[in-house]
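Student: I have a model open, and I would like to understand how the words used for it follow from the numbers. Could we go through them together?

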Amino acid sequence: DELIEVLRNSDALLQEELVLKIAILAEQNAQDFQWYIDQVFKMLESAPDAVSADVWYRLVQYVVGFNEGTSETERDTLQAYAAQKALTAISQPHPHDTLVQLSAYLIGEFACRLRTETVSPQGILQQLHEHFPRVKSQSKALMLVAYAKLLSQEPEALRYQVLSIFEDLKDSQDIELQQRATELYALAADEAQMEDVLQSMPPFSETVQANNPLIRRL
């Protein structure tokens, strides 16, 4: 927490180096990986411009899990915690683009872990899509994949809303978004294929766990 406070009050040139070191130390010293998730989200709240994609994707690797070291129950619990953390983050009025990217990834992968009696699939989609108009193209591309994954998990509840979003974007002036929306719309027409293509990521190997790419940046 002291380092997070230093990060919050540092200039932009120092923040990127601090983010890298905090991320590495948090991973190495985490007794509880819910705490590790908290630290990454705090960095995104304190210095979002300094949090690169490889920093937040390392968090994704831990939430997805590794072949050794954690049980399926432990992974499920951590994934539910991460999804709830992401949902809380996007409930804020104007989350940073990087925070939206991480949240979209976690929600797309793990919204199925959330307790359905406290939040509906439609509510999750609505909260995420509220930020779509103002974020950058890269974030929008990640969000479209998240929508497709939500649809694959809840086809009956979300088919109309998600397909309407894809349909609207098929005429987008952004060629990349237009292409992605068109591809995902076509994929959604075949539920079996969609489920196969968009299935949850499997646990990462021990090699990935042992080789933290952030250390190579020091």
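Student: What makes helix α7 and helix α9 roughly parallel to each other?

Tutor: Helix α7 (residues 121-129) and helix α9 (residues 155-169) pack at an angle of about 20°, with their axes 9 Å apart. Angles under 35 degrees count as roughly parallel, over 145 as roughly antiparallel, 65 to 115 as roughly perpendicular and the rest as oblique, and α7 and α9 are therefore roughly parallel. The axes are lines fitted to C-alpha atoms, for helices over the stretch in contact, and angles run from 0 to 180 degrees between N-to-C directions. Helices are DSSP runs of H or I with at least four residues, numbered from the N terminus. Please keep in mind that this is a predicted model, in which local features need pLDDT of at least 70 and side-chain atom pairs count only at pLDDT 80 or more, while totals for chains, interfaces and linings use all residues. Residues are numbered from 1 along each chain as its sequence is written, and side-chain values use heavy atoms, with hydrogens and water left out.

Student: Which residues of α7 and α9 meet?

Tutor: Contact means heavy atoms within 4.5 Å, and Pro121, Gln122, Leu125 and His129 in α7 meet Ala157, Leu158, Gln161, Val162 and Ile165 in α9.

Student: Why are α5 and α6 called oblique to each other?

Tutor: The axes of helix α5 (residues 72-89) and helix α6 (residues 97-110) come within 8 Å and cross at roughly 135°, an angle left over once the parallel, antiparallel and perpendicular ranges are taken out, and α5 and α6 are therefore oblique. On the α5 side the contact is made by Gln79, Ala82, Ala83, Ala86, Leu87 and Ala89, and on the α6 side by Leu99, Ser103, Leu106, Ile107 and Phe110.

Student: What about α4 and α5, and why is the same word, oblique, used for them?

Tutor: Helix α4 (residues 53-64) and α5 have axes that come within 8 Å and cross at roughly 140°, and α4 and α5 are therefore oblique to each other. Here Tyr62, Val63 and Val64 in α4 meet Arg75, Leu78, Gln79 and Ala82 in α5.

Student: How do you know whether Pro93 is buried or exposed?

Tutor: Pro93, in the loop between α5 and α6, has a relative accessible area of 60%. Buried means under 20%, exposed over 50% and partly exposed in between, with a 1.4 Å probe and protein chains only, so Pro93 is exposed. Not counting residues up to four places away in sequence, Pro93 touches His131 and Arg134.

How values were computed
Helix = DSSP H or I, 4+ residues; strand = E, 2+ residues; numbered from the N terminus.
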